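Visitor: I am new to reading structures, and I learn best by following one part at a time. Please pick a single strand, take me through it slowly, and then show me what lies around it.

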Amino acid sequence: MLNLERLRTLDALARHGSVSGAADGLHVTTSAVSQQMAKLEREVGQRLLAKNGRGVRLTDAGRLLADHAARILSQVELAQSDLEAQRGQVVGELRLAAFPTAVRGLFPAVFRALRADHPALRVRSRELEPELAIHAVVRGDADLAVVLDWYNKPLPVPEGLARASILDDPVEVALPEDHPLAGRGDIDLEELADEAWVAWPEGEFCHEWLLYTLRANGIEPHIAHRAGEHHTQLALVAAGLGVCIAPRLGRDPMPAGVRTVPVRHRVHRSVYAVWRADADRRPSIRAAVESLRAAGAAYGT
């Protein structure tokens, strides 16, 4: 009889590609991963791992069993979802991931509501950029992720994931309060062609969106500063060092010295939750989505 936890370890190795990655994903030590794999090899009577430089790789038998393990674990999750749905209780553990402004703007209210309404539910969370959060759900390292699409640049979502809209997050431009355009009722992006921009770190989904959008409007942006946190970006704007995009979600409190102006041709990002389709009937997923939508109602338009 194959041990389910050892199959879970093999699945994590296949998904993460290394012992250390599997250990991180399973929240165990690398020694525990190696021990589980050694026991699994004895159970099946075949080598499942082979040395590959300083790391390891799956053998043919390892890949074959890993494919079966993924299907078995999916069926186990589906069975657990069905049992939870039949019982109708929001219990167990729920692991959430979200991009930084969603963590700040949504999670405190969501977790308070879940704790009050479902005290038997244990919630864990972590901050991840949208693409990494999607991968965490696909790998099974997170049960639900809060991610985003920009209005003109969707985030690729793999097959096998379900999704639910949380809110449309309106986006404005943040300017120093003494900027000539700071008192305007709205603004065209073309009017910012000569500005210094405060942007996200290079390579992030939102950074790529900003470059794509400004270039689509005939602007080759001058990126003067890069910062991952919106509040850091706004602090740089308050110091008169540039302008930045300012979504409403998780933005407050605004620093002194900054004014926000809507973009004339509406700019927004769609915030939504994703989870594995085989977990679709879990009451905890449904409870989390409901709480996320309630928290998001304060921001949407």
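**A close look at strand 6**

Guide: Of the 301 residues in this chain, 47% count as buried. Please keep in mind that this is a predicted model. The chain has 10 helices and 11 strands, and its C-alpha trace spans about 75 × 50 × 30 Å along the principal axes. Let's settle on strand 6, which covers residues 161-176.

Start with how covered this strand is. Of its 16 residues, 13 are buried, so strand 6 is largely enclosed by the rest of the structure. To see some of its surroundings, look at the strands that pair with it.

Take strand 11, residues 268-276, as your first stop. It pairs with strand 6 in the antiparallel sense, over nine bridges. If you would like one pair to find on the screen, look for Ser165, which stands opposite Tyr272 in strand 11.

Next, go to strand 10, residues 258-262. Strand 6 and strand 10 also run antiparallel, and five bridges join them. Here Leu175 is the residue to look for, since it stands opposite Arg259.

Then comes strand 9, residues 244-247. It runs antiparallel to strand 6, and four bridges join the two. In this pairing, Val173 has Ile245 as its bridge partner. Strand 9 is short to read through, and both of its faces are covered: Cys244 and Ala246 are buried on one side, while Ile245 and Pro247 are buried on the other. This fits a general pattern: in a regular strand, side chains alternate between the two faces of the sheet.

Stay with Ile245 for a moment. Leaving out residues up to four places away in sequence, Ile245 touches Val171, Glu172 and Val173, and its contacts also include Trp150, Trp197, Trp200 and Trp209. Leu210, His230 and Gln233 are among its contacts too.

Now zoom out to the nonpolar core. The largest one has 67 residues, and both Val173 and Ile245 are among those with the most contacts inside it, along with Leu106, Leu144, Val146, Trp150 and Leu292. Strand 6 supplies the largest share of this core, eight residues. As a general rule, nonpolar side chains in soluble globular proteins tend to be buried together.

Follow the chain onward from strand 6 and you enter the loop that leads to strand 7 (196-199), where you will find Leu181. Is Leu181 buried or exposed? Leu181 has 13% relative accessibility, and the cut-off for buried is under 20%, so Leu181 counts as buried. Leaving aside neighbours within four places in sequence, Leu181 is in contact with Leu175, Ile187, Glu191, Leu192 and Val261. You met Leu175 a moment ago, opposite Arg259 in strand 10. Leu181 and Thr260 are 79 residues apart along the chain, yet 9.8 Å separates their C-alpha atoms.

Such meetings across the sequence can be put as a figure for the chain. Among contacts between residues at least 6 apart in sequence, 74% join residues at least 24 apart.

One more detail belongs with these strands. Pro253 sits in the loop between strand 9 and strand 10, and the peptide bond from Asp252 to Pro253 is cis, with omega near 0°.

To finish, here is a contrast. Apart from the largest core lies another core of 17 residues, including Leu7, Val19, Ala22 and Ala23. Three of those names lead to helix 2, residues 19-26, whose buried residues are Val19, Gly21, Ala22, Ala23 and Gly25. Their cover includes helix 1 (4-16), helix 3 (30-44) and strand 2 (55-58). Just after helix 2 comes His27, with a positive phi near 60°.

So, when you turn back to the picture, begin with strand 6 and its antiparallel pairing with strand 11. Then trace strand 10 and strand 9, and let Val173 and its partner Ile245 lead you into the core.

Technical notes:
Residues numbered from 1 in each chain as written. Predicted model: local features only at pLDDT ≥ 70, side-chain atom pairs only at ≥ 80, totals over all residues. Heavy atoms only, no water. Buried < 20%, exposed > 50% of the residue type's maximum accessible area, 1.4 Å probe, protein only. Contact = heavy atoms within 4.5 Å. Pairing = 2+ DSSP bridges. Core = buried A, V, L, I, M, F, W, Y, C linked by side-chain atoms within 4.5 Å.
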